[in-house]
Amino acid sequence: MYAKPAPNVVEASTTPGLPAYHEGMTKEPSIEEAVERAKRVQEGRLTTIRGVAEARQNLADIREETARELTELQVRIAERVGAAEREDVLAYNAALSAGWSAEELRKIGFSEPDKKARTRRRAARKPAAKTAGQSSPAAPSQTPSESGDDALTGVEREPVGT
């Protein structure tokens, strides 16, 4: 009946990846069908883009909300710490008023309150201006104890060992 093709001839329908060319092949879509198919494919892709956009907006909203919450929390924490520091200063001052010295409290293990220590630091006062008959000021390299001046009170002392 029909003759078989030669062994080196391959039918188009048996080659992988190539369409079969025979009577049962589908026809090409019309323009409207092609556009409709492309729209369906694009709708699926647009749906994923919509999902990405919604997720990004949600992320931005969450970041904004949590930043606001963090700021509010930091304010509340600062208020609580400030109140505790004020109570600490009051308790320390009450101990001083009860007769305890700062040295005794330090030996017990209670240093001055941090807040109080920060507010008490002051620059040393400059010594009072000397009159013409007084000795010249101490050399800058000398410490107050070496020069005989008490830097905190501005009072001139006699040098030790003279």
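In the predicted model, a nonpolar patch on the surface is formed by Leu70, Leu73, Ile77 and Val81, which together have about 320 Å² of accessible area. One of these residues, Ile77, lies in helix H1, which spans residues 31-97. The relative accessible area of Ile77 is 41%. Because patch members must have over 30% relative accessible area, Ile77 at 41% meets that requirement. Ile77 is classed as partly exposed.

A second patch on the surface is negative and consists of Asp61, Glu65, Glu69 and Glu72. Among its members, Glu72 is also found in helix H1. Glu72 is partly exposed, with a relative accessibility of 43%. The requirement of over 30% relative accessible area applies to patches of like charge as well as to nonpolar ones, and Glu72 therefore satisfies it at 43%. Residues of a patch also take part in no salt bridge.

Beyond the two patches, the protein chain contains 4 helices and 2 strands. Their order from the N terminus is α-α-α-α-β-β, so that the helices precede the strands.

The chain as a whole was also examined for burial and contacts. Of its 162 residues, 6% are counted as buried, a class that requires under 20% relative accessible area. The protein chain exposes about 14600 Å², and 57% of this area is supplied by carbon and sulfur atoms. When contacts between residues at least 6 apart in sequence are considered, 29% of them join residues at least 24 apart.

Conventions. Residues numbered from 1 in each chain as written. Predicted model: local features only at pLDDT ≥ 70, side-chain atom pairs only at ≥ 80, totals over all residues. Heavy atoms only, no water. Patch = residues over 30% accessible without salt bridge, like charges linked within 9 Å, V, L, I, M, F, W, Y side chains within 5 Å. Areas by Shrake-Rupley, 256 points an atom, 1.4 Å probe, with all protein chains shown as cover. Salt bridge = Lys/Arg side-chain N within 4 Å of Asp/Glu carboxyl O. Buried < 20%, exposed > 50% of the residue type's maximum accessible area, 1.4 Å probe, protein only. Contact = heavy atoms within 4.5 Å. Lys, Arg positive; Asp, Glu negative; His and termini not counted. Charge placed at Lys NZ, Arg CZ, Asp CG, Glu CD.
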